[in-house]
Amino acid sequence: MTTRRNFLKSSGLLAAGLGISPLLSSETLHSMKQSAPSDRVNIGVIGVGMGCADMAGMLANSWVHCVAMCDVDKERLESQAADFKKRFPENAANIKLYSDFRKLLEDKDIDGVIIATPDHWHTYIFGEALKAGKAIYVEKPVANSIAECNAMIDLQQKYKGVVTTGLWQTSQRYFKAANEILKTGVLGDVYKVQIFLCQSTNPRPPVEDSSIPNSLDYNMWLGPAPQRPYNYGRVRGWRGFWDYGGGQQTDWGGYIGSTQPSTD
């Protein structure tokens, strides 16, 4: 029988429950549901913003348990953990809290982690998680440069870890249906595709530097990025600064290459 744990380890579908379920056969889903209650998958979240949104999707599966959360903002960390314990009492009742992801990775009971920090932290945490033997779901974009992406590929090949990234939207039925329509040829020769965002991409107004909030470990937030004075606009809108992200081009642009129809 395909157990839930073996299915996770062999397939790399750490994101089951995030729109990927339609890709699985009814037999596989039935097998996963019938496995022993003790055959559970323990997940830790590193970065509780988008990371908790991902985790909530995973907890749609009763065999997935959220056992740890890590964030550099103590108030947000405690708030998210309390919310999960209330919303998911069956599989998120005992969440350990960490301010340092390295301590989380030391927990041998954790099978996999969600890496959902600002992008400038992804590569380092990814490497440490692989060394710790964890399966990985890393938010997109996986890194801030091609060199970092190549380094992450090398790390995965070295440690043979189970890795997937946050492009789950392309597994939704409407994405798959659009690709099927395109492959039929009914649209003829497609020579131009217009892509747009239904949200503002205007620069945010500048904000003056200020004192660091008591709840935030700002040095840990900066991590490998250059030292800068604390600025609310930078921390809240980090994707708009090259030190931490690549703007909407890398945020949403990662979906573009993943939506082309398969050739098989």
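## Salt bridges, helix 4 and cysteines

Asp107 and Lys96 form a salt bridge, with the closest N and O atoms 3.4 Å apart. The pair links distant parts of the chain. Asp107 sits in the loop between helix 5 (101-105) and strand 4 (112-115), while Lys96 belongs to strand 3, and the two are 11 residues apart. Asp107 counts as buried, at 11% relative accessibility. Lys96 is partly exposed, with a relative accessible area of 44%. The model is predicted.

**Other salt bridges**

The count of salt bridges comes to 9. One of them pairs Arg102 with Asp100, at 2.8 Å between the closest N and O atoms. Here Asp100 is the buried partner, at 18% relative accessibility, because the cut-off for buried is under 20%. Arg102 is partly exposed, at 41%. Elsewhere, Arg228, Arg234 and Asp243 are joined into one network by salt bridges that share partners.

Another salt bridge lies within helix 4. The side chains of Asp83 and Arg87 meet there at 2.9 Å, N to O. Both residues lie in helix 4, 4 residues apart, which is about one turn of the helix. Asp83 is partly exposed, with a relative accessible area of 28%. Arg87 is also partly exposed, at 45% relative accessibility.

The table sets out the three pairs described above.

| Pair | Closest N to O | Relative accessibility |
|---|---|---|
| Asp107 and Lys96 | 3.4 Å | Asp107 11%, Lys96 44% |
| Arg102 and Asp100 | 2.8 Å | Arg102 41%, Asp100 18% |
| Asp83 and Arg87 | 2.9 Å | Asp83 28%, Arg87 45% |

**Helix 4**

Helix 4 covers residues 74-87. How far should its 14 residues span? At 1.5 Å a residue, the expected span is 20 Å. The end C-alpha atoms are 20 Å apart, so the model agrees with that expectation.

Which residues of helix 4 are buried? They are Leu77, Gln80, Ala81 and Phe84. These four cover an arc of only 100° around the axis, so they lie on the same side of helix 4. Glu75 and Lys86 are exposed on the other side. The buried residues are covered by elements including helix 3 (50-58), strand 2 (64-70) and strand 3 (96-98). Strand 3 is also where Lys96 of the Asp107 salt bridge is found.

The N-terminal end of helix 4 is capped by Asp73. One of its side-chain oxygens lies 3.1 Å from the backbone nitrogen of Glu75. Glu75 is thus named twice here: it takes part in the cap, and it is exposed.

Beyond helix 4, a loop leads to strand 3, and Glu90 is found in that loop. Glu90 counts as exposed, at 70% relative accessibility. Its C-alpha atom is separated by 9.9 Å from that of Trp63, although the two residues are 27 residues apart along the chain.

**Cysteines**

How many disulfides does the structure hold? The number is 0. Cys52 is in no disulfide, and the nearest cysteine sulfur, that of Cys66, is 6.7 Å away. A pair of cysteine sulfurs must lie within 2.5 Å to count as a disulfide, so Cys52 and Cys66 do not qualify. Cys52 counts as buried, at 4% relative accessibility. Cys149 counts as partly exposed, at 25% relative accessibility.

Key. Residues are numbered from 1 along each chain as its sequence is written. This is a predicted model: local features need pLDDT of at least 70, side-chain atom pairs count only at pLDDT 80 or more; totals for chains, interfaces and linings use all residues. Side-chain values use heavy atoms; hydrogens and water are left out. The expected span of a helix is 1.5 Å times one less than its number of residues. Buried means under 20% relative accessible area, exposed over 50%, partly exposed in between (1.4 Å probe, protein chains only). The arc is that of the directions from the helix axis to the C-beta atoms. Contact means heavy atoms within 4.5 Å. A polar contact is a pair of N or O atoms within 3.5 Å; within protein, one must be able to donate a hydrogen and the other to accept it, and residues adjacent in sequence count only if both atoms are side-chain atoms. A salt bridge is a side-chain nitrogen of Lys or Arg within 4 Å of a carboxyl oxygen of Asp or Glu.
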